[in-house]
Amino acid sequence: MGETGQMELFPSPSPSDIQQTRELLNKYVRMRKAVQEIGTMNNPSEGWKQVQVEYEEKTANIEMAVRLIVDDNVRRVMDFRFIRGNPRWGTIKRFSSVTDRSIDRQIVRGVESVAETLKLIGVL
């Protein structure tokens, strides 16, 4: 089968996919907290239960996508910045052995990697 007939193993994320991924990563901590809070409710409504299921799925997919980042440095930066919910300046301070521009490049690479995974599993 020629190249045009092959399925792309890791589909390249579009700019829109990357933007959606960045938005999901920025909402990650809030979604996690919402899941926990809904879990403490005595009798959540169906609407709350739907939100809980949706957010549990989204956060699990994000966590998996971050764990699948091959580059250890990029994965650590993404975990610290988005999974643990630290701000950009806190991330730069934590990884002070590299420049802020280097951290920004690692975040861009990490977001692209997460977007690739989310696209591969059909989330995007």
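Let us start with helices α3 and α5, which in this predicted model are roughly perpendicular to each other, because their axes cross at roughly 90°. Those axes come within 9 Å. On the α3 side, the residues involved are N73, V74, V77, M78, R81 and F82; on the α5 side, they are I103, Q106, I107, R109, G110, V111 and V114. Sorted by class, this contact has eight nonpolar, three polar and two charged residues.

I should now place these two helices within the chain. The chain contains five helices and zero strands, and the order of elements from the N terminus is α-α-α-α-α. Taken along the principal axes, the C-alpha atoms fill a box of roughly 55 × 45 × 20 Å. Of the 124 residues, 33% are buried. Among contacts in the chain with a separation of 6 or more, 67% are between residues 24 or more positions apart.

Helix α5 also meets α1, and here the axes come within 9 Å and cross at roughly 100°. This angle makes α1 roughly perpendicular to α5. From α1, the contact draws on D17, I18, T21, R22, L24 and L25, and from α5 on I107, V111, E112, V114, A115, L118 and K119. The contact of α1 with α5 comprises eight nonpolar, one polar and four charged residues.

The remaining pairing among these helices is that of α1 with α3. How do their axes stand to each other, oblique or perpendicular? The axes come within 8 Å and cross at roughly 60°, and α1 and α3 are therefore oblique to each other. R22, L25, N26, Y28 and V29 of α1 make this contact with M78, R81, F82 and I83 of α3. Six of the residues in the contact of α1 with α3 are nonpolar, one is polar and two are charged.

I turn next to helix α2, which covers residues 46–67. Does its length suit a straight or a bent reading? What can be stated here concerns its span: at 1.5 Å a residue, the 22 residues of α2 should span 32 Å, and the end C-alpha atoms are 32 Å apart, which agrees. Within α2, the buried residues are Q52, T59, N61, I62, A65 and V66. The elements that cover them include α1 (15–40), α3 (72–83) and α5 (100–120).

Two of the buried residues in α2 deserve closer attention. T59 lies in helix α2 and has 0% relative accessibility, so T59 counts as buried. Which residues does T59 contact, once its neighbours within four places in sequence are left aside? They are Y28, M31 and R32.

V66 is also in helix α2. Its relative accessible area is 4%, below the 20% cut-off, and V66 is therefore buried. Beyond residues up to four places away in sequence, V66 touches R75, M78, D79, I83 and V114. Two of these have appeared already in the contact of α3 with α5, namely M78 and V114. As for N86, which is 20 residues from V66 in sequence, the two C-alpha atoms are 15 Å apart.

After α2 comes L68, in the loop between α2 and α3. Is L68 buried or partly exposed? L68 has 48% relative accessibility, so L68 counts as partly exposed. Its C-alpha atom is separated by 8.1 Å from that of V114, although the two residues are 46 apart along the chain.

Finally, I come to the aromatic residues. How many aromatic pairs does a search of the whole structure find? The search finds one. The pair consists of F80 and F95, in an edge-to-face arrangement, with 5.7 Å centre to centre and 90° between the planes. F80 is in helix α3, whereas F95 is in the loop between α4 (88–94) and α5, so the pair ties together parts that are 15 residues apart in sequence. F80 is buried, with a relative accessible area of 14%. F95 counts as buried too, at 14% relative accessibility.

Terms used. Residues numbered from 1 in each chain as written. Predicted model: local features only at pLDDT ≥ 70, side-chain atom pairs only at ≥ 80, totals over all residues. Heavy atoms only, no water. Helix = DSSP H or I, 4+ residues; strand = E, 2+ residues; numbered from the N terminus. Expected span 1.5 Å × (residues − 1). Buried < 20%, exposed > 50% of the residue type's maximum accessible area, 1.4 Å probe, protein only. Contact = heavy atoms within 4.5 Å. Axes fitted to C-alpha atoms, helices over the stretch in contact; angles between N-to-C directions. Parallel < 35°, antiparallel > 145°, perpendicular 65-115°, else oblique. Nonpolar A, V, L, I, M, F, W, Y, C, P; charged D, E, K, R; others polar. Phe/Tyr/Trp six-rings, centres within 6.5 Å; stacked < 30°, edge-to-face > 60°.
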